[in-house]
Amino acid sequence: MMPATLSLALPLALPLALLMTLPLAAINWHTLLFLLFAVVACACAVAVVLADNVVRMAFYLVLSLGATAGLFFLAGAEFLGAMQLMIYVGGTLVLLVFGVMLTAQSPFVAIKTSTGDRVLAGMVGAALLAVLLQSAFRVEAWQLPAVGAVTAPTATPLGMALLGVRVDAPAAGAPETAVRSGYLLPFEIVSVHLLVVLVGAAYLARAKRRRTPRAIDVAASSSSPPSSSSSGGVAATAREASSSSALVPGGRR
Amino acid sequence: MADFLINTVGLPEWLAWTTTAVVAAVLILNVIAGGALVFIWAERKIAARIQDRLGPTRTGGRFGWLQSLADGIKLLAKEDLMPEGADGMLFRLAPYISFCASFCAFIALPFAFDFVGQRLNVGVFFVVAVLGLEVFGVILAGYASASKWSLFGAMREAAQVVSYEVPLGMCVVVPVMLAGSMDLVTIAEKQAGWVSSWYLFHDPFTFVIFWVYVTCAVASVNRAPFDLAEAESELVAGFHTEYSGLRWSFFFMAEYGSMFLVSALAALLFLGGWNGPIPVAHLLGLSDGTGDTAGYFVRLLGCGNLIVKASLGVLIMMWIRWSLPRLRIDQVMATCLKYCTPIAAAMFAGAMFWQLALPGGLVRGLSRPAGEVREGWLEGPGGLSVRPTKAVSTPAVPVALVDDPRSQTEAKSIVQVSP
């Protein structure tokens, strides 16, 4: 994408010979594109902080995250770049704009930052920058992929690693047939977390029924006779759990 | 192409790469813009025929085939209006954001084996991700217009697109699972051969999930019966109420570009891509090895094949649009959450078990042992066994996942271990 738009601006109408004489060949295109994306990302990130309007902030944030995705693509990390587009740029910001729409008439549309907030944010930002710069300068040699190089690795090792099999990096000193454990456990933990969040969101967003706590207790105890079978016990516990959790918002009201 | 320019023509490397990039970009731009011209004309003719009218008849002689161009000139000459109280910057930028999202998705879309702007090994994922960004331009347009109609349209659009991303993603995953790759080129290559090797006819589950995909695709590009964002009987014109002239036409180009895109994606994922129903080129004995004229002819044929399939998809969308009434917002949500998502999930599970029991499809799966098919995933460049002609031309050493020769044996052993 970026080489295309960039090169559209080039004077292609000029004779070829004239083009050859230009010092364009001396430019490291990879660095140039990197700088282009980096400048867009940084400038938009600053604009997010400085803008007053919430929707404009969201817009700048999309541009900043999109430029970051561009950096990933430039580095050959296509899966990561597409992930960035999908999750950050796509999902988060659509939801953010959604939230903004719901508060479109409220005083939060234009946000005025106080001086204290600015100082605080500046301090936090500076601390983060210091940490990042320190770790960036600790890397001894940055590698540059060649322009137009075909990236050899695919997303297959990633998928297999998530399934618990690492085929990409054999452990040092291990026998060659040994299989390193992948990311199956973290993956499962994260997915269970997400499931919990999903259930919680569905619970919070559902239509509230007005029932007295007394009635629920009676219903729960009468509908679940004490049973020794495991399935009945599980069902009763689930029902009790749901009814007791339903008490919380109702009780506050 | 860049290699050709460097080696044969003798251009310096940077110029060759930029020339290649310009050619690709201009070609994609022409596909979107030219396609929009043709499809708008086709839509008017189809709408007219369905409603028992004639449609445009005079412009350009017969059939009114120049009507879109005349409309385009009219749009160019229109005044560019902006409502008072609008957020000027966002209002001006929104159409271009929609258009850019549509354009970017085309970059990773292959038209034939080598005819692809940038071959990504996560092509499907990229296209779906970028397609979801188009909604952002619509939301910005709705917000920045400072109009209630626009805001309503944009909010409906946001709700709809976010919901339909879920079943759409599930539908897309099934061909990815069957092919063992997210590379669109590889997925289409895996369906080479007769019509029976298309993933549409791979097993009953893929057949069902294709129709779920069609539903979700129509919804995700905002076409009737899912065009709540611009419901003209309720919201004037929805999110583009306040737009006129060229900016309005950018929204239209983005819409028609996305229609073509999801149709081409359907063709690539389910309908064999550039492989025709009858492998004509293969029967004639033409190989598509790179470089020679015959191969170029084969790829040109495949490109035409894909474009015909995608255009058919767009025509079907028009047919649907002029046949079905618009759904209400609750019906749209019910279609997504109560029908599309569960069906897609069930079909995904079904296709998964089918792949475990009978990999390689109904016909071939019965005759090929399962282990052979699965081992094929790990061979060849890009982690997959590509076509046989390629295997002959490349050295006989299969390239495993990593260049490291140690891991090759390891990868093999894993495949044999896995059930």
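Are H3(B) and H10(B) parallel or oblique to each other? Keep in mind that this is a predicted model. Helix H3 of chain B covers residues 67-77, helix H10 of chain B covers residues 245-269, and the two pack with their axes 6 Å apart at an angle of about 135 degrees. H3(B) and H10(B) are therefore oblique to each other. That follows because an angle counts as roughly antiparallel over 145 degrees and as roughly perpendicular from 65 to 115, and what fits no such class is oblique.

Who meets whom here? On the H3(B) side you'll find B:Gly72, B:Leu75 and B:Leu76, and they meet B:Gly245, B:Leu246, B:Trp248 and B:Ser249 of H10(B). Sorted by class, the contact of H3(B) with H10(B) comes out as four nonpolar residues, three polar ones and no charged ones.

Now for the two chains side by side.

| Chain | Residues | Helices and strands | Buried residues | Share of contacts (6 or more apart in sequence) that join residues 24 or more apart |
|---|---|---|---|---|
| Chain A | 253 residues | 10 helices, two strands | 15% | 45% |
| Chain B | 419 residues | 17 helices, zero strands | 48% | 73% |

Chain B has no strands to look for, just its 17 helices. In chain A, the two strands turn up after a run of helices: the pattern along the sequence reads α-α-α-α-α-α-α-β-β-α-α-α.

Next, the nonpolar core. In soluble globular proteins, nonpolar side chains tend to be buried together. In this model, the largest nonpolar core holds 137 residues. Those with the most contacts inside that core are B:Ala105, B:Val127, B:Val130, B:Leu140, B:Ala154 and B:Cys171. Take B:Ala105 as a way in: leaving out residues up to four places away in sequence, B:Ala105 touches B:Val127, B:Val130, B:Leu131 and B:Leu261. Two of those partners, B:Val127 and B:Val130, are themselves on the list of residues with the most contacts in the core.

Back in chain A, helix H4 is worth a look. H4 of chain A runs over residues 54-74, which makes 21 residues, and spans 30 Å from its first C-alpha to its last, close to the 30 Å expected at 1.5 Å a residue. Is H4(A) enclosed or open to its surroundings? Of its 21 residues, 16 are buried, so H4(A) is largely enclosed by the rest of the structure. For chain A as a whole, buried residues make up 15%. Just after H4(A), check the backbone at A:Gly76, where phi is positive at about 85 degrees.

Key. Residues numbered from 1 in each chain as written. Chains lettered and ligands numbered in written order. Predicted model: local features only at pLDDT ≥ 70, side-chain atom pairs only at ≥ 80, totals over all residues. Helix = DSSP H or I, 4+ residues; strand = E, 2+ residues; numbered from the N terminus. Expected span 1.5 Å × (residues − 1). Buried ≥ 20, exposed ≤ 12 C-beta atoms within 10 Å, placed from the backbone. Contact = placed C-beta atoms within 7 Å. Axes fitted to C-alpha atoms, helices over the stretch in contact; angles between N-to-C directions. Parallel < 35°, antiparallel > 145°, perpendicular 65-115°, else oblique. Nonpolar A, V, L, I, M, F, W, Y, C, P; charged D, E, K, R; others polar. Core = buried A, V, L, I, M, F, W, Y, C linked by C-beta atoms within 7 Å.
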